[in-house]
Amino acid sequence: MFTIEHDFDATVITLIDEGDAPLNEDVVIESHDDGVTLTQVDPDTDEVMVINLSMHQLKELRAALDLPEGIYRVRRPGEPDEG
């Protein structure tokens with residue numbers, strides 16, 4: 001299950017783990033103009049773990065989900081071909 005909320009400066013998606021135990025803590029994804037922040041509480045330490053991704057890193061992650069094992073580079077707009 002997940003929720004989507006539109007705040008003033010971000011879209012917030014919360015992923016809620018469901019199913020058989022053991023379950024993972026909720027993952028909160030905040031999408032801003034300049035990047036994405038993922039947060040999740042570590043159940044062992046009760047600390048919030050934070051990961052920040054640029055929009056380019058997010059684009060590479062999206063591409064990587066559908067590719068086989070290997071090394072890849074997603075070119076940025078206007079970036080010349082390697083040769």
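This report walks through a predicted model, going from the sheet as a whole to single residues and loops.

**The sheet**

Let's start with the overall layout. Five strands make up an open sheet in the order β1-β2-β3-β4-β5, and the pairing is antiparallel. The edge positions belong to β1 and β5 (48–54), and each of these has a single partner strand, so one side of each is left without a neighbour in the sheet. From one strand to the next, the twist averages 15 degrees.

Now for the pairings at the β1 end. Strand β1 (residues 2–6) and β2 run antiparallel and are joined by 5 bridges. The connection between β1 and β2 is a hairpin of 4 residues. Two pairs of facing residues help to fix the register here: Glu5 sits opposite Val12 in β2, and His6 sits opposite Thr11 in β2.

On to the next pairing. β2 also pairs with strand β3 (residues 27–32), again in the antiparallel sense and over 5 bridges. In this case Leu15 is the residue opposite Val27 in β3.

A helix goes with the sheet as well. Helix α1 (residues 55–64) lies across β3, β4 (35–41) and β5, and runs at about 90 degrees to β5.

**A closer look at β2**

Which residues of β2 point to the face where side chains are buried? They are Val12 and Thr14, while Thr11, Ile13 and Leu15 point to the other face and are not buried. That fits a familiar rule: in a regular strand the side chains alternate between the two faces of the sheet.

The accessibility values let you check some of this by number. Thr14, with a relative accessible area of 14%, is buried because the value is under the 20% cut-off. Thr11 comes out at 25% relative accessibility and therefore counts as partly exposed. Leu15 is also partly exposed, at 37% relative accessibility.

Here are the values for several residues together, with the element or loop each one belongs to.

| Residue | Location | Relative accessibility | Class |
|---|---|---|---|
| Thr11 | strand β2 | 25% | partly exposed |
| Thr14 | strand β2 | 14% | buried |
| Leu15 | strand β2 | 37% | partly exposed |
| Val28 | strand β3 | 23% | partly exposed |
| Asp46 | loop between β4 and β5 | 63% | exposed |
| His56 | helix α1 | 15% | buried |

**Who touches whom**

What does Thr14 touch, leaving out residues up to four places away in sequence? The list is Met1, Phe2 and Thr3, plus Asp26, Val27 and Val28. On the same terms, Thr11 touches Ile4, Glu5 and His6, along with Ile29, Glu30 and Ser31.

Val28 shows up in the Thr14 list, and it has a list of its own. Beyond residues up to four places away in sequence, Val28 is in contact with Val12, Ile13 and Thr14, and also with Thr37, Leu38 and Thr39. At 23% relative accessibility, Val28 is partly exposed.

Over in helix α1, His56 is buried, since its relative accessibility is 15%. Again leaving out residues up to four places away in sequence, its contacts are Val74, Arg75 and Arg76.

For a sense of scale, two C-alpha distances are handy. Val28 and Glu69 are 41 residues apart in sequence and 28 Å apart in space. Thr11 and Asp44 are 33 residues apart along the chain, with their C-alpha atoms separated by 28 Å.

**A nonpolar patch on the surface**

Leu15 has one more role in this picture. Together with Phe2 and Ile4 it forms a nonpolar patch on the surface, and the three have about 300 Å² of accessible area together.

**Backbone details worth a look**

Two spots deserve a glance if you're checking torsions. The peptide bond from Ala21 to Pro22 is cis, with omega near 5 degrees. Pro22 belongs to the loop between β2 and β3.

Where is Asp46? This residue lies in the loop between β4 and β5. Its phi is near 65 degrees, which is a positive value in a residue other than glycine. Asp46 is also exposed, given a relative accessible area of 63%.

Technical notes:
Residues are numbered from 1 along each chain as its sequence is written. This is a predicted model: local features need pLDDT of at least 70, side-chain atom pairs count only at pLDDT 80 or more; totals for chains, interfaces and linings use all residues. Side-chain values use heavy atoms; hydrogens and water are left out. Patches are made of residues with over 30% relative accessible area and no salt bridge: like charges are joined within 9 Å, nonpolar side chains (Val, Leu, Ile, Met, Phe, Trp, Tyr) within 5 Å. Accessible areas come from the Shrake-Rupley method with a 1.4 Å probe; for residues, only the protein chains shown count as cover. A salt bridge is a side-chain nitrogen of Lys or Arg within 4 Å of a carboxyl oxygen of Asp or Glu. Buried means under 20% relative accessible area, exposed over 50%, partly exposed in between (1.4 Å probe, protein chains only). Two strands pair if DSSP finds at least two bridges between them. Contact means heavy atoms within 4.5 Å. Axes are lines fitted to C-alpha atoms, for helices over the stretch in contact, and angles run from 0 to 180 degrees between N-to-C directions.
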